[in-house]
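Thanks for coming. I have one model to go through today, and I will keep to the ligand and what is around it. Please have a look at the screen.

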Amino acid sequence: MRLLKQYINGEWVTAKSGKTREIINPFNQEIIASAAEGDESDSKAAIAAAREAFDHGKWPLTPATERGNIVRKIAGLIERDKEELAELESLDTGKTVEESRGDMDDIAGVFRYYAQIADKNGGEIIDSPVPNSISKVVHEPVGVCGQITPWNYPLLQASWKLAPALATGNTLIMKPSEITPLTTVKVFELIEEAGVPKGVANLVLGSGMTVGAELASSTDVDLISFTGGIVTGKKIMQAASINVKKLALELGGKNPNVVFADADIDTAIDQALNAVYFHAGQICSAGTRLILEESIHDDFVEALVKRVQHIKLGSGFDEATQMGPLISAEHLAKVEKYVEMGKQEGATVAVGGKRPEDAELQDGFFYLPTIFTNCTTDMKVVQDEAFGPIITVEKFKTEEEAINLANDSIYGLAGGVWTNDIVKAERCVAKMRMGTVWINEFNLYFPHAPWGGYKQSGIGRELGKLGIEEYTETKHIFHNLKPEAINWF
Ligand code: NAD
């Protein structure tokens, strides 16, 4: 049995309390690892190590090129161990190994991207109103960063935080989801192997209520970067106010996927499935609100239903599997609750709407890919993030109606528009209140493009150059080379 330890001040340690937590394979509920179950005292130790490494260590002052080289080395090690990492991710999350392999490529890409731009954030000389002076703007690391990640893309979400924080000279404490720590622990082994100095990158394991809450409320932490649910995000925001921490929040989404009649319909059908049933809908940017022009509605739904019936559920390790299980028994219960709610609200189950009956799936947390038709925007099943394999279908007659439906959400993470009319596409995009909008595409993200939400989907941006800005403070330095008395007083 794998024993997962915490990494604090360059040492691999068990929880101070000696407690552990069993990590479960969502495909069959087998115990796959035993993880240290840290608490506030473990968080405090990690914070102290990160504080010391930031305040008195060499890392923040290390030339950016050198830091970039270490970040690049981590990318190489991830590529070297890609197969092992992909298998661990699938074991832990239930997603297909093929999908996890794709994640690992993306993750290495994120480290490479930030390695490349680490030394391109030097600042600038600006015009000075005083002769014989230098006025310059420099970017410095924020300090000690608390980083908290969710269970759906455990290592991908971690990479979006680790790579820019390290590239910019911060020190950090990462807390992965207590349900899915396997790959994050492995990557900390690679961080150690790459030569990141002790105390710079620390890993604590345990629940959000203890380990996570301590990071959010500690006055020794300067920034919290959090990815997770909206309810947790609000708690973190409150706790972080204690010392006015900098905050980056990547929260939920309930993302519209708008299809006009003049779109390439076959491609739109194919991608509408991908937009939701990939990783069983457990994606913050899943296109769960399908918004169809009335004239294509019936044929579109019929085609979707036909294809949904052939989606193969199973083990992520079986090459034929297209969709794995949900993450946990609690999450399965939540998804079921939303489906029941949808039925009670008057939506029609066009396909799915229950657990599968296949004997070989009974030990896993499986739910059938589901489509609800006859949905209206006021339904909770349309508005709330169920985070499962559920599509709700709404209809529109006019472009204005489509945009109103798309924007009718407390969330503003992402959305898509399908049309071959480029002028209409640009008109729609300009009105859609989301951090990312895809035209004739869905769910594509890459290291160069900023990611984050409007409205209650969050604060700040990860990835791209903006991802670097989250981890830097800006300082103006004015240097008078010929000081003179002012003689006012
Ligand atoms: P969650 O909010 O339950 O947990 C996320 C993390 O926060 C976990 O590590 C958890 O232990 C920790 N946590 C819980 N309570 C805490 C507290 N009081 N203080 C500090 N930390 C605490 O979310 P989840 O169920 O793990 O993940 C699913 C959610 O994540 C969905 O809402 C999804 O949309 C969102 N998500 C968003 C993005 C994005 O980029 N916007 C990406 C992935 C997932």
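**The ligand and its surroundings**

I'll start with a backbone contact: leucine 251 has a backbone N or O atom 2.7 Å from a nitrogen atom of the ligand. Keep in mind that this is a predicted model.

A second backbone contact involves glycine 228, where a polar backbone atom is 3.4 Å from an oxygen atom of the ligand. From a side chain, tryptophan 451 places an N or O atom 3.0 Å from a ligand oxygen. On its own the ligand has 850 Å² of accessible area, and the protein covers 89% of that.

Now the shell as a whole. How many residues surround the ligand? There are 27, and the closest are Thr149, Glu178, Thr232, Leu251 and Glu385. So Leu251, with its backbone contact to a ligand nitrogen, is also on the list of closest residues. By type, the shell divides into 12 nonpolar, 11 polar and 4 charged residues.

Next, location. The ligand sits in the largest pocket. Three elements give two or more residues to the shell: α7, residues 208-217; β11, residues 223-227; and α8, residues 230-240. Of these, α7 supplies the largest share, with 3 residues.

Last, the domains. Why do we say that the ligand lies between domain 1 and domain 2? Domain 1 is made of 3-251 plus 457-476, and domain 2 runs over 256-439. Both give residues to the shell around the ligand, so the ligand lies between them.

That is what I have; I'll take comments now.

Notes: Residues numbered from 1 in each chain as written. Predicted model: local features only at pLDDT ≥ 70, side-chain atom pairs only at ≥ 80, totals over all residues. Heavy atoms only, no water. Near = heavy atom within 4 Å. Polar contact = N/O pair within 3.5 Å; in protein donor to acceptor, adjacent residues only side chain to side chain. Areas by Shrake-Rupley, 256 points an atom, 1.4 Å probe, with all protein chains shown as cover. 1 Å grid on protein atoms, 1.4 Å probe; cavity = no way out; pocket = protein on both sides within 12 Å on 5 of 7 lines; lining within 4 Å. Sits in = over half its atoms within 2 Å of the grid points. Helix = DSSP H or I, 4+ residues; strand = E, 2+ residues; numbered from the N terminus. Nonpolar A, V, L, I, M, F, W, Y, C, P; charged D, E, K, R; others polar. Domains from an automatic or database assignment.
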